[in-house]
Amino acid sequence: MRLRLFTLLTSFLIFSTTFSAELDYGLFIKSYPFKPSEMSHLVLEDGNAFELKESIKLTFEMYVRNDNVFGNTFRIVTDKNETIDLLFTVGENDKRFPIFVINESVHPISQEVIRDKWIPISVILSPEENQITLWYEETKISVPYPISDSRSFRMSFGLCPFDGFLTADVASVNLRNIEIYKKDKLFRSWKLEKHHGDICYDSLANVPAISHNPYWLIDDYITWQKIYETELPSATSIAFNPGTDEFYMVNNSENIMVFNANSLQTHNIKVKGGLYSANSPNQLFYIPEKKTLLSYNLNEDLYSFFSFDAQTWSNHTPSTKEHGYWNNSITFYSTDSAIVSFGGYGFYRYNNELLLQYPFGNKPNEKIQLTEISPRYTAGTAIVGNTLYIFGGRGCKSGRQELFPKNYYDLYSVNLLTRQVNKLWEVPTDGIEFVSGENMIYNKEEDCFYMFTTRSGGMLLKITTKDATFEPMSLAINEGFEAQMLYTNLYYSESQKKLFALVNKMAVDNTSDISIYSINYPPISVADLSQEIPAETTEKSSTWVYILIAVLAVLAVLAIGGYYIMSRNKKSTHPAPLTKKTEESTDKDKGNDKQILINTPKEENNRTNSYDFSKACICFLGGFHVRDKSGEDITSTFTPTLKALLILLILFTKEDPKGISGKKMLQLLWSDKTQESAKNNRNVYLSKLRVALEKIGSIDIINQSGFWSIKFGDDVICDYNEAMDYFSLIKENKMDDETQFNKLLELLLRGTLLPNTEIDWIDKYKSNFSDLTIDTLSLLLTEKNNISNTMKLRIADTLFQHDYINEEALRTKCIILTESGKMGLAKTCYDNYCKEYSSLLGEEYKYSLSDIIKRN
């Protein structure tokens, strides 16, 4: 076991949360021992200068921390290159004192630096009196100085970023309530409370104050704190005891590792007898109502209770079967003393089974197929009264791993007494993919559920039974979720009034990387602490700030992970590695699933491609993939929202040359925002998209009569557009050249349309493209008599890629192979077809090979 040391910032987070009642809000200036590149600064007035035509008073509150009581707190730089600073220096016996410095003239303050307390500071620049005055709490220093010679000044706090005026030493202070007065009239006010990323807007004129490397104290309320991290050598099951705030970690029958979330201490319990029953990493459960720790095995109906007094497990039967319920969701139904399991994955299939297991022997076990809910795993569940609530998960209607699983964003209720299933709502995700942890926490006062999700690297979301929305209740923890098996959960501690998020990442070698995070309960909505981007600011802002806002907008909608890609090439019943594979590599693996494909003529494998997708291309077939004009793969630079915007423009423009209306665009991509905020986001992302498209080639985004469209130059290729053009030619009976047919097949053999992009509004286009592909290829096989057998085989192979139990493709292949004397290949093709047909539809194919051939 390895217990890692946490960063110094984590300590600061814990400190500031502990004293949140005093600190409340403000900007935490990072100083030593942070690296210079990690230190903070705050620049007022959008980086521009204040005019100095009349007396100006600057006031703010400052809280001095003990980290580094030395160096600069603020710096004023005039247009005459004069500097005005408030610094902390070292006196006798290591005492620290504030000093007021104008250029190189030092004006000391006799009282020691006031620490751990908010104190008022003000600076008055008076051109009328040629005097500069500092108030440090109740201490006043007035210095005669020809400030009237200066016409303007700039001001920064922390590490001064102005060229030629950089500061080496930064004092550890917090700041808030910055105000600027002109002749006693309030001119600017930056409270440093609500903010938008790195920016806090002035409440009077919406002028930005821009911070670098900020830590906003108010974010403590919505920030997860990592309290524990370890790596264990084998797959580990974890349970939480809310009565003692203890986490139990078990991966063998000899020891139980215990982490106390209150004392932050760990210890081991030596097991004296019995066997741990679980055969997967998430089959351990603490039942508060019974005050017992239970390991269970759903496949073999094995249960083992741990006695903390005797330090023994009750089971003595070893498990032998392979696990079939990976990432199922477990809750305890106290009314019936039952363990309630839903969903899971095993043996290449997702399931929608509701299992009611009775480990205490009070009733026989039950297995119920919830046919109203698509098979899935990684769903979030909670029981309220006699109702089981099920949110989301990943799976597909058929339950088959290879048939394009997707993430679900729906909420169901299941009455555990009547077994009645109701679908409460379903929503799209605006391109942000995520799945929920196993357990949801119900808040009775607000009638809502909290769930820990993989959204944006780990985020707490709030949902209700009535509103189909996701409300962020935390900032992202930016945890990497790449793993062979990912298991997350959410727990509540009544004694600490905290939520705990568990992340358990299991690698291929079965090592478990375990992290535990905490956040205060009840959580606060991120929206309540966020500052809206003022519309006039985004329109009039300088280029520097415009770029910053764009970056911040991207950060606000990051999406990580959410794709749970199943490994298709290994004969394993384990769920697929939860990794960030590119869609291109993922879809290359799919070729091994379709065993019906048989490329008979050898020269087919050496066919020269008509298209060059090595540069200047945007590809949708087989996966989203983009290369710039030099051939560099820039797919990863497209964030989920940027990617969705590009896809939207291409799909809608191909459907209608006018493109998409601005209103419809806002509705599809930013439905969770106010109209003004949505327009701001649209402007930001369109600007970023234009920059990205310039790297690819001649691509224009056009806005005409309220509609947005996209236009490609001859130097850029989009495989989707090319395929749709060929479909149109065939429909109009204007395509008889086999060269053109080969080009279409080359495109279609790349794969289906955007197979791993799961966005609700794209489903229509996927379905239409699939139908168009199947109908067009079937038409070519049945009605084009002038097509060669070699071309027909290629068409059949392509048709199998898109509909691998297509009878017309089977008939064509079997007939051509038989007529050419290749009965063995025809039989192999037929047998594989029958196997897939039976597996998918649950019934035997009714025609024999001879029937197929005779139907010619």
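This presentation goes through selected local features of a predicted model, from a sheet to two helices and then to several loops.

Let me begin with the sheet. It is an open sheet of 4 strands, ordered β24-β25-β26-β27, and the pairing is antiparallel. The strands at the edges are β24, residues 284-287, and β27, residues 312-313; each has a single partner strand, so one side of each is left without a neighbour in the sheet. As general background, strands of a sheet pair through backbone hydrogen bonds, in either a parallel or an antiparallel manner. For the edge strand β27, the antiparallel pairing with β26, residues 302-307, runs over 2 bridges. Ser-307 has Thr-312 in β27 as its bridge partner.

Following the chain onward from this sheet, I come to Asn-327, in the loop between β27 and β28, the latter being residues 329-333. Asn-327 is not a glycine, yet its phi is positive, near 55°. Is Asn-327 buried or exposed? Its relative accessibility is 7%, and because the cut-off for buried is under 20%, Asn-327 counts as buried.

A second asparagine deserves mention here. Asn-213, also a residue other than glycine, has a positive phi of about 55°. Asn-213 sits in the loop between β17, residues 208-212, and β18, residues 215-216.

I turn now to the helices, beginning with α8, residues 675-696. With 22 residues at 1.5 Å a residue, α8 should span 32 Å, and the 31 Å between its end C-alpha atoms agrees with that. The buried residues in α8 include Tyr-685, Leu-686, Leu-689, Leu-693 and Ile-696. In general, an α-helix has 3.6 residues a turn, so residues three or four places apart point the same way. Just after α8 comes Gly-697, with a positive phi of about 155°.

The other helix is α13, residues 807-819, which has 13 residues; from first to last C-alpha it reaches 18 Å, close to the 18 Å expected at 1.5 Å a residue. How many of the residues of α13 are buried? The count is 10 of 13, so the helix is mostly covered, given that buried means under 20% relative accessible area. Among the buried residues are Glu-808, Arg-811 and Lys-813, together with Leu-810, Ile-815 and Leu-817. The elements covering the buried residues of α13 include α11 (763-783), α12 (789-802), α14 (823-841) and α15 (849-854).

Both ends of α13 merit a comment. At the N-terminal end, Asn-806 acts as a cap, with a side-chain oxygen 3.0 Å from the backbone nitrogen of Glu-808. Following α13 is Gly-821, which has a positive phi near 80°.

Finally, I would like to consider three prolines. The peptide bond from Tyr-32 to Pro-33 is cis, with omega near 15°, and Pro-33 is found in the loop between β2 (27-28) and β3 (41-43). The peptide bond from Tyr-521 to Pro-522 is also cis, with omega near 0°. Pro-522 lies in the loop between β45, residues 512-520, and α3, residues 535-540.

The remaining proline is Pro-233, in the loop between β19 (225-232) and β20 (237-241). Pro-233 has 60% relative accessibility and therefore counts as exposed, the cut-off being over 50%. Which residues does Pro-233 touch, leaving aside those up to four places away in sequence? They are Asn-510 and Thr-511. Although Pro-233 and Asn-510 are 277 residues apart in sequence, their C-alpha atoms are 7.0 Å apart in space.

Conventions:
Residues are numbered from 1 along each chain as its sequence is written. This is a predicted model: local features need pLDDT of at least 70, side-chain atom pairs count only at pLDDT 80 or more; totals for chains, interfaces and linings use all residues. Side-chain values use heavy atoms; hydrogens and water are left out. Two strands pair if DSSP finds at least two bridges between them. The expected span of a helix is 1.5 Å times one less than its number of residues. Buried means under 20% relative accessible area, exposed over 50%, partly exposed in between (1.4 Å probe, protein chains only). Contact means heavy atoms within 4.5 Å. A polar contact is a pair of N or O atoms within 3.5 Å; within protein, one must be able to donate a hydrogen and the other to accept it, and residues adjacent in sequence count only if both atoms are side-chain atoms.
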